[in-house]
Amino acid sequence: MHDLAQAELCYAPQFGSAKDPVTCAGLMAGDVLHGDMPLSHWPTASSGFVLDVRQPPELAVEAIAGAVNIPLPELRKRLGELPRDREIHVVCRSGQRAYYATRILLQNGFKACTVSGGMLSLAHKQLLDEPSKP
């Protein structure tokens, strides 16, 4: 993991991006292992306090029962609406906005973690949990 984060992969605009996905994967793995990016998964998250940081139109497509919705751009102004005595499981569509929201919450003294994979991983989990149809 540390080798991936420190990999010096050549940059050539025609063939790859300046931030190589392999290096980014190593950096993210390091953040998880060092506790800089706390994660939770759906079985744990769904039984706790869930904060959904998606925009309201996204909730019309899929929503989590009992989740509190505060869109990411409004989060700093609405921190007073969140519990300080419970761990907050933050979710969005794929995980990027949830990561940013988790960082904001941690920096403001909350106990928070990002739900790994966001709503995409929940949809995948639900597909796997469905019984096979003959």
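## The S40–H89 contact

The side chains of S40 and H89 meet in a polar contact of 2.9 Å. Keep in mind that this is a predicted model. S40 belongs to strand β1, which covers residues 39-40. With a relative accessible area of 6%, S40 falls under the 20% cut-off and is therefore buried.

H89 also has a role in the sheet: H89 in β4 is the bridge partner of V50. Then there's S116, sitting in the loop between β5 and α6 (118-129). S116 and H89 are 27 residues apart in sequence, and their C-alpha atoms are 9.7 Å apart in space. S116 has a relative accessible area of 27%, so S116 counts as partly exposed.

## How the sheet is laid out

Step back and you get an open sheet of five strands, ordered β1-β5-β4-β2-β3, with parallel pairing. The edges go to β1 and β3 (68-69); each has a single partner strand, so one side of each has no neighbour in the sheet.

Start from the β1 edge. β1 runs parallel to β5, and two bridges join them. L39 has T114 in β5 as its bridge partner. T114 turns up again on the β4 side, where V90 stands opposite T114 in β5. A general point to keep in mind when reading bridge partners: side chains in a regular strand alternate between the two faces of the sheet.

## β4 and its neighbours

Strand β4 takes in residues 87-91, and four of its five residues are buried, so the rest of the structure largely encloses β4. β4 pairs with β5 (residues 111-115) in the parallel sense, over four bridges. Its pairing with β2 (residues 49-52) is parallel too, again over four bridges.

What links up with β4 and β5 to make a right-handed β-α-β unit? That would be helix α5, spanning residues 96-107.

## Cysteines without disulfides

Two cysteines are worth a look here. C92 counts as buried, because its relative accessibility is 1% and the cut-off is 20%. C113 also comes out buried, at 1% relative accessibility. How many disulfides does the structure hold? Zero.

## R54, tucked away

Is R54 buried or exposed? R54 is buried, with a relative accessible area of 0%. You'll find R54 in the loop between β2 and α4 (56-59).

The R54 side chain has polar company. One polar contact, at 2.6 Å, joins the side chains of R54 and D52. Another polar atom pairing involves the backbone: the oxygen of E62 lies 2.9 Å from a polar atom of the R54 side chain.

## Rings and charges

R84 is another arginine to check out, this time for what lies under its charged end: the ring of F110, with 4.0 Å to the ring centre. As for pairs between rings, searching the whole structure turns up one aromatic pair.

Conventions:
Residues are numbered from 1 along each chain as its sequence is written. This is a predicted model: local features need pLDDT of at least 70, side-chain atom pairs count only at pLDDT 80 or more; totals for chains, interfaces and linings use all residues. Side-chain values use heavy atoms; hydrogens and water are left out. A disulfide is a pair of cysteine sulfur atoms within 2.5 Å. Buried means under 20% relative accessible area, exposed over 50%, partly exposed in between (1.4 Å probe, protein chains only). Two strands pair if DSSP finds at least two bridges between them. A crossover is right-handed if, with the strands pointing away from the viewer, the path from the first strand over the helix to the second runs clockwise. Rings of Phe, Tyr and Trp (its six-membered ring) pair if their centres lie within 6.5 Å; planes under 30 degrees apart count as stacked, over 60 as edge-to-face and the rest as tilted. A charge sits over a ring if NZ of Lys or CZ of Arg is within 6 Å of the ring centre and within 35 degrees of the ring normal. A polar contact is a pair of N or O atoms within 3.5 Å; within protein, one must be able to donate a hydrogen and the other to accept it, and residues adjacent in sequence count only if both atoms are side-chain atoms.
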